[in-house]
Amino acid sequence: MARVGTGHRVCGWRAAPTATLLALALTASLVAGCTGHRGGDDRAPHPASSAPSRSAAAGSPLAVKIDNVPAARPQTGLGAADVVYVEQVEGGLSRLLAVYATRLPKSVGPVRSARESDLELLRQFHRPTLAFSGAQRALLPLIDQAPLRPRSADTVPGAYRRDPGRTAPHDLFLRPGALLPAAPGEAALTTGFRRGPAPSGGSPRTTRTVRYPAARLAFTWSPGRGGWLIAMDGEPMTTTDSGRPAPPTVVVQYVTVRASRYHDVLGNNTPYTETVGSGRAEVLRDGRSFAASWSRPAATDGTTFTGADGTPVPFAAGQVWVVLVPAP
């Protein structure tokens, strides 16, 4: 894959020995790391004109890395996402990867940095466009070589803006229309998910809490909304443009979260979330919980969820949240 320009820079670092680079990666604090290509606070260059990418093939979705620490809330644009993945990052915090195929909101953010495991997760899609604030210098070659279209705040500055009402690095927002001329459509969601009526069985469940070492998500069934209201760290989750998210389907997917070869400047390891393989899962829909198994044989495959009898567990129509949780 061709490299995207020559503007890749991270936190103002120059060339340095590999060992030093690996030690000087991301800052693990409440901001979960220094993540920009340019500047220690993810700050992008001054906006420039930027036309939508006409090279984006039909059927290629947009994926955006979104900040999820308390200082980044409320987020913008989450309501339009078809799938929202929740993953663990440094310091036991969480970050979101939102995938857009059927709708493109006017704005999405705050946008933050990419991680190595995002590349594996996104292999299920055809050349997706990845919007992110930056990444560790040592990771940039892997991003450029991956079968996707990286569009960072450094390489496409005109697609991003800074919100003067927020503080860096939680102030960077994407204009999706500057990257894609239109939403590619539902066919771009090659996730392997099945849609349909709720299966028989399951157990009544109106609340479900998921914990990371330094973050907590709670889902509460709302019959009136027909979805699961979300709380982050004990506070109701809301957005600036579409109110409270209420995804009809929430998946708790137990995965292997291992140490990667990257560390932040404090020595904290960057977790790698393995989404290829198989394991246990829980599907929440219609106020019920369904035990399931997940399987993704190869990175280019979607993920299937089946019940104890081996038949697919269908998801409800609408947005899906997939919470990637370390397996016991």
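**Charges over rings**

I looked up Arg 280 and found its charged end over the ring of Tyr 254, 4.2 Å from the ring centre. I note that the model is predicted. I then turned to Arg 258, whose charged end sits over the ring of Tyr 272, 4.2 Å from its centre.

**Salt bridges**

I recorded 11 salt bridges for the structure. Side chains of opposite charge can pair when their charged atoms come close. I examined several of the pairs in turn.

I began with Lys 65 and Asp 118, whose side chains meet in a salt bridge at 2.9 Å, N to O. Lys 65 belongs to strand S1 (residues 62-66) and Asp 118 to helix H2 (residues 116-122), so I entered the pair as a link between distant parts of the chain, 53 residues apart. Are Lys 65 and Asp 118 buried or exposed? I found Lys 65 buried, and Asp 118 likewise. I also noted that Glu 87 joins Lys 65 and Asp 118 in a network of salt bridges.

I next looked up Glu 282 and Arg 208, which form a salt bridge with their closest N and O atoms 2.8 Å apart. This pair, too, links distant parts of the chain: Glu 282 lies in strand S15 (residues 277-285), Arg 208 in strand S9 (residues 207-212), and 74 residues separate them. I entered both Glu 282 and Arg 208 as buried.

I then checked Asp 163 and Arg 166, whose side chains meet in a salt bridge at 3.8 Å, N to O. Why does Arg 166 count as buried? I assigned Arg 166 to the buried class because its relative accessibility is 16%, and buried means under 20%. Asp 163 has a relative accessible area of 22% and is therefore partly exposed.

**Aromatic pairs**

How many aromatic pairs does a search of the whole structure find? I recorded four. One of them joins Phe 193 and Phe 305, with 6.0 Å centre to centre and 55° between the planes, and I entered the pair as tilted. Phe 193 lies in the loop between strand S7 (172-174) and strand S8 (203-204), whereas Phe 305 lies in strand S17 (residues 304-306). The two are 112 residues apart, and I noted the pair as a link between distant parts of the chain. I found both Phe 193 and Phe 305 buried. I closed the entry with Phe 315, which forms one aromatic cluster with Phe 193 and Phe 305.

How values were computed:
Residues numbered from 1 in each chain as written. Predicted model: local features only at pLDDT ≥ 70, side-chain atom pairs only at ≥ 80, totals over all residues. Heavy atoms only, no water. Salt bridge = Lys/Arg side-chain N within 4 Å of Asp/Glu carboxyl O. Helix = DSSP H or I, 4+ residues; strand = E, 2+ residues; numbered from the N terminus. Buried < 20%, exposed > 50% of the residue type's maximum accessible area, 1.4 Å probe, protein only. Phe/Tyr/Trp six-rings, centres within 6.5 Å; stacked < 30°, edge-to-face > 60°. Lys NZ or Arg CZ within 6 Å of the ring centre and 35° of its normal.
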